[in-house]
Amino acid sequence: MAPVFDLIGLVVADMGKSLAFYRRLGLDLPESADTEPHVEVTLPGGLRLAWDTIETIRSFDTWSPPTGDGRISLAFRCADPEEVDRTYAELVAAGYEGHRPPWDAFWGQRYAVVHDPDGNGVDLFAPLPPTP
């Protein structure tokens, strides 16, 4: 039997700030989790997304934060191009770093990129309507 892809893990400097960002993207994360060292949620389809504090990771590994541009990005599908624009604007207005404002990508999607509190890229996308 081959291993089964099951979980994406993020290491965070501040659990509460990170979870607040992902709540804005619709993830159901209780506020009581803001002070936990490890949090995870099961996403539609069964894949899990987890957050661990730096202290948690360092309790079993000699981990150091990566340098340079982010090494991971997560992508959130929006209902339509307008939701991409609206979500991006709301996140930037809330103080999160906008990396790439919404644009119509050549591969047929409305696309935008914002950074989470730890600098990970979070892509927002929706299919563009067919052109006549």
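In this predicted model, L7 is partly exposed, with a relative accessible area of 33%. That value falls in the middle class because partly exposed residues lie between the limits of under 20% for buried and over 50% for exposed. L7 belongs to strand β1, which runs through residues 7–12. Setting aside residues up to four places away in sequence, L7 touches E40, L47, R48 and A50. The C-alpha atom of L7 is also 5.6 Å from that of L49, although 42 residues separate the two in sequence.

From this starting point one may turn to the chain as a whole. The chain contains three helices and seven strands. Followed along the sequence, these elements appear in the pattern β-α-β-β-α-β-α-β-β-β. The C-alpha trace spans about 55 × 45 × 30 Å along its principal axes. Of the 132 residues in the chain, 38% are buried. The accessible surface amounts to about 8200 Å², and carbon and sulfur atoms account for 54% of this area. Contacts that bridge long stretches of sequence are also present: among those between residues at least 6 apart, 50% join residues at least 24 apart.

The interior of the chain comes next. The largest nonpolar core has 27 residues, and Y22, W51 and L124 are those with the most contacts inside it. Elements giving two or more residues to this core include the strands β1, β2 (38–42), β3 (48–53) and β4, together with the helices α1 (15–24) and α3 (81–93). Strands β6 (109–115) and β7 (121–127) are also on that list. Helix α1 gives the most to this core, with four residues. A second, separate core of five residues includes W103, Y111, V113 and F125.

L124, one of the residues with the most contacts inside the largest core, shows what surrounds such a position. Apart from neighbours within four places in sequence, L124 is in contact with L25, F76, C78, V84, T87, Y88, L91, R110, Y111 and A112. Among these partners, Y111 is a member of the second core.

Strand β7 offers a further view of the interior through A126, which has its place in that strand. Is A126 buried or exposed? With a relative accessible area of 0%, A126 is buried, because the limit for that class is under 20%. Not counting residues up to four places away in sequence, A126 touches C78, A79, D80, P81, V84, G108, Q109 and R110. A126 and E82 are 44 residues apart along the chain, and their C-alpha atoms are separated by 8.7 Å.

The loop between β6 and β7 holds N120. This residue counts as buried, at 13% relative accessibility. Leaving aside neighbours within four places in sequence, N120 is in contact with L10, I72, V114 and H115.

V114 and H115 also appear among the contacts of E97. E97 has its place in the loop between α3 and β5, a strand covering residues 98–104. At 46% relative accessibility, E97 counts as partly exposed. Its C-alpha atom is 24 Å from that of L43, with the two positions 54 residues apart in sequence numbering.

L43 also serves as a reference point for A2, which is found in the segment before β1. The C-alpha atoms of A2 and L43 are separated by 22 Å, and the two residues are 41 apart along the chain. A2 counts as exposed at 53% relative accessibility, because exposed means over 50%.

L43 leads finally to the second largest pocket, where about 270 Å³ of space lies. Which residues line the second largest pocket? The lining consists of L27, L43, P44, L47, A75, F76, R77 and F125. By class, seven of these are nonpolar, none is polar and one is charged. Strand β4, residues 73–77, gives the most to the lining, with three residues. Several lining residues have been met already: L47 is touched by L7, F76 is in contact with L124, and F125 is included in the second core.

Definitions and conventions. Residues numbered from 1 in each chain as written. Predicted model: local features only at pLDDT ≥ 70, side-chain atom pairs only at ≥ 80, totals over all residues. Heavy atoms only, no water. 1 Å grid on protein atoms, 1.4 Å probe; cavity = no way out; pocket = protein on both sides within 12 Å on 5 of 7 lines; lining within 4 Å. Points joined across faces, edges and corners; volume = space filled by probe spheres on them. Nonpolar A, V, L, I, M, F, W, Y, C, P; charged D, E, K, R; others polar. Buried < 20%, exposed > 50% of the residue type's maximum accessible area, 1.4 Å probe, protein only. Contact = heavy atoms within 4.5 Å. Areas by Shrake-Rupley, 256 points an atom, 1.4 Å probe, with all protein chains shown as cover. Core = buried A, V, L, I, M, F, W, Y, C linked by side-chain atoms within 4.5 Å.
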